[in-house]
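Here is a short briefing to read alongside the sequence and the coordinates. It goes from the overall fold to helix packing, then on to salt bridges and the interface between the chains.

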Amino acid sequence: MLQFLARRLLVAVLVCLTVLTFAFALTRLAGDLAISIAGPNSTAEDIEVVRKAYGLDRPLVTQFFDWVSRAVVGDFGRSYFFREKVSTLIFDRLPITLTLGLVGLGIALSVALPLGVISALREGRPVDRIISLVALLGQAMPSFWLGLVLMITFGLHLGWLPISGTGTWQHFVMPGTVLAFSAIPALMRLTRAGMIDAMSADYIRTARAKGLSRTSIVLKHAARNAAMPVVSIAAVQLGFMLGGSIVIETVFALHGVGFLAWESISKNDFPTVQAVVLLLAIIYTLLTLGADLLNAVLDPRLRAA
Amino acid sequence: MSALLEVEDLEISFGALDAVRGASLEVRRGETHCLVGESGCGKSVTALAVMGLLPSNGARRAKRLAFDGKDILGLDEKGMSRLRGDRMAMIFQEPMTSLNPAYTVGSQMAEVLIRHRGASKRAALDRAAELLARVRITSPGMRLGQYPHQLSGGLRQRVMIAMALMCDPELLIADEPTTALDVTVQAQILRLLADLQKDLGLAILLITHDLGVVARTAHRVSVMYAGEVVESSPVDRLFHRPMHPYTRGLLSCVPVPGKIRRDQPLGSIPGMVPHVTRGFEGCAFRQRCPLTRPDCAGPIERRHPDPDRDYLCQIAPNEMAAP
């Protein structure tokens, strides 16, 4: 188990270092940063001043190691656009994004898991088909459109939920639901497939031969074996929700990290872009690591591997 | 002694396919009843039907299906699940996949006693350790905490047997329990089953296609062919004087030291098991039978050469030449 953990951690660190390098390289490939910082109406002298002031005249390798050595201690420099420390900028917005992501995942799981299990137990019957159809519709629905429909229905007509902002928990219900919608179909189908697979396994026949109750057969013996792919995908989905919720953060005016990423990209605010990319990479890596560990808890065979 | 398990005229179908067509057998208390036949003859589904474990596309009908004198044909899933694992238990052909990979041996064994007897976890684990020792597994306490993938096939089958014994069942159904195992392990498992039966007074319905296993373990034998029990007999008389031509064919395929001659080829049964479709009439073995006659295509009579023997054939005992 310790060896397993050590190996996963090593891989995680390597992934983060790779992303660090890519984040740096990609921002430099986007064009001459000095020009975009100085603005469209600046003279050649202005640009040179900016280049010197931001240290962009130094060799790339020097810039890279300078940035990395600061980044590992949490110093990402100052944002060129917001005139604030990048770390402050990100950590102010992180709680919003985390809340939104967790609410989204919570809704997605609480819908997808029961539906997947029901679908599997009623494989090929009308209930199964209806659930699959609904999942398909959910997947095909654009999230900005769904967001607007929900706002019009529950925000404007019924007046049950606030339509923008982040003041209370009610603010997260609609964006969380919209976010969940994109994750539900994949989670549901994986749960269904895993459960169908598990329910036809020999050990389920054994469990029935032991006279166990239906509940114990389905929820204890089958579900644990069906859970692994679901855990892995749920982790990826959560990563996606945390990093890719730009559309939803925009529609619902939630100023989270996704929104920040979009703003800083469009403003060529490269210290922020680099930091956000790195942060998301770390989040993804941690989530995958977490999923691997959870799967190792679920399946003893993985611990030995 | 009274019969513990009575099966009369059992029919099992999967859609249009009739897997078992009117099979009858009785398993008495404390005896080993072997169900023999080649692959696809309906042995395993018969066992599954008795346990109420047929897959959902399988349908069973019977004139009578009784356990300990009480009808179990009319029992619903809930009623059957109370019997299963408690008074009747089953072990399977696939020891490698029959245990749940996600739970320890101990927890999988303990839940049987917890379910049927409401035992505490502690008491159930003690019982599990005791039974692991009973099936001759060394350091049972350590095995309880192990997962199936840490055990060999033979050990897993022993765990399955021990698990089946958790509630002291009266009937153990063993569906080819040694087929997937090495020959040496096979012998150990069979000896174990024989010992357990003697010590615990267990009735065993042992499904096998191995006549060597039958000779070593059975008290009584039922031979199945194409979904029917074509012969049923106490084991000694079956080997001594098989009646049904199919049984004779099966026995001629087995080398018996002292009985066969070196220069003589072993017997074999020509042809294949016929595809028996609905509305099939007559003897299913007639195309492969050396003694076939025109009336084999009509209704077949069940004959009783002795009070405790029967076979399904047109040829009367006195017409049947000694093999």
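Chain A has 14 helices and zero strands, and this is a predicted model. Read from the N terminus, the elements run α-α-α-α-α-α-α-α-α-α-α-α-α-α. Along the principal axes, the C-alpha atoms of chain A fill a box of roughly 85 × 55 × 30 Å.

**Helix packing in chain A**

- A good pair to look at is H10(A) with H13(A), the latter spanning residues 270-298: their axes come within 9 Å and cross at roughly 170 degrees.
- Angles over 145 degrees count as roughly antiparallel, and H10(A) and H13(A) are therefore roughly antiparallel to each other.
- On the H10(A) side, the residues that meet H13(A) include Arg224(A), Met228(A), Val231(A), Val236(A), Leu238(A) and Phe240(A).
- On the H13(A) side, the partners include Leu280(A), Ile283(A), Tyr284(A), Leu287(A), Leu294(A) and Asn295(A).
- The residues of this contact between H10(A) and H13(A) divide into 16 nonpolar, four polar and one charged.

**Salt bridges**

- Over all chains, a search of the whole structure finds 38 salt bridges.
- Within chain A, Arg8(A) pairs with Asp292(A) in one such bridge, and their closest N and O atoms are 2.6 Å apart.
- That pair links distant parts of the chain, since Arg8(A) sits in helix H1 (residues 2-29) and Asp292(A) in helix H13, 284 residues apart.

**Where chain A meets chain B**

- The contact involves 21 residues of chain A and 30 residues of chain B.
- In chain A, the residues that lose the most area to chain B are Arg205(A), Arg208(A) and Lys210(A), together 28% of what that side buries.
- Between them the two chains bury about 2100 Å², with 52% of it on carbon and sulfur atoms.
- Four salt bridges are found across the interface of chain A and chain B.
- In a salt bridge between the chains, the side chain of Arg205(A) meets that of Glu94(B), at 2.7 Å from N to O.
- Polar contacts across the interface come to 15 residue pairs, both residues being at pLDDT 80 or more.

**What the chain A side is made of**

- Three helices of chain A, namely H9 (202-209), H10 (214-243) and H14 (300-304), each supply at least two residues of the side that touches chain B.
- H9(A) gives the largest share of that side, six residues.
- By residue type, the side of chain A that touches chain B divides into six nonpolar, six polar and nine charged residues.
- H10(A) is worth a second look: this helix supplies residues to the side touching chain B, and H10(A) also meets H13(A) within chain A.

Terms used
Residues are numbered from 1 along each chain as its sequence is written. Chains are lettered from A and ligands numbered from 1 in the order in which they are written. This is a predicted model: local features need pLDDT of at least 70, side-chain atom pairs count only at pLDDT 80 or more; totals for chains, interfaces and linings use all residues. Side-chain values use heavy atoms; hydrogens and water are left out. Contact means heavy atoms within 4.5 Å. Buried area is the accessible area (1.4 Å probe) that two parts lose on being put together, summed over both. A polar contact is a pair of N or O atoms within 3.5 Å; within protein, one must be able to donate a hydrogen and the other to accept it, and residues adjacent in sequence count only if both atoms are side-chain atoms. Helices (H or I, at least four residues) and strands (E, at least two) are DSSP runs, numbered from the N terminus. Ala, Val, Leu, Ile, Met, Phe, Trp, Tyr, Cys and Pro count as nonpolar, Asp, Glu, Lys and Arg as charged, and the others, Gly among them, as polar. Axes are lines fitted to C-alpha atoms, for helices over the stretch in contact, and angles run from 0 to 180 degrees between N-to-C directions. Angles under 35 degrees count as roughly parallel, over 145 as roughly antiparallel, 65 to 115 as roughly perpendicular and the rest as oblique.
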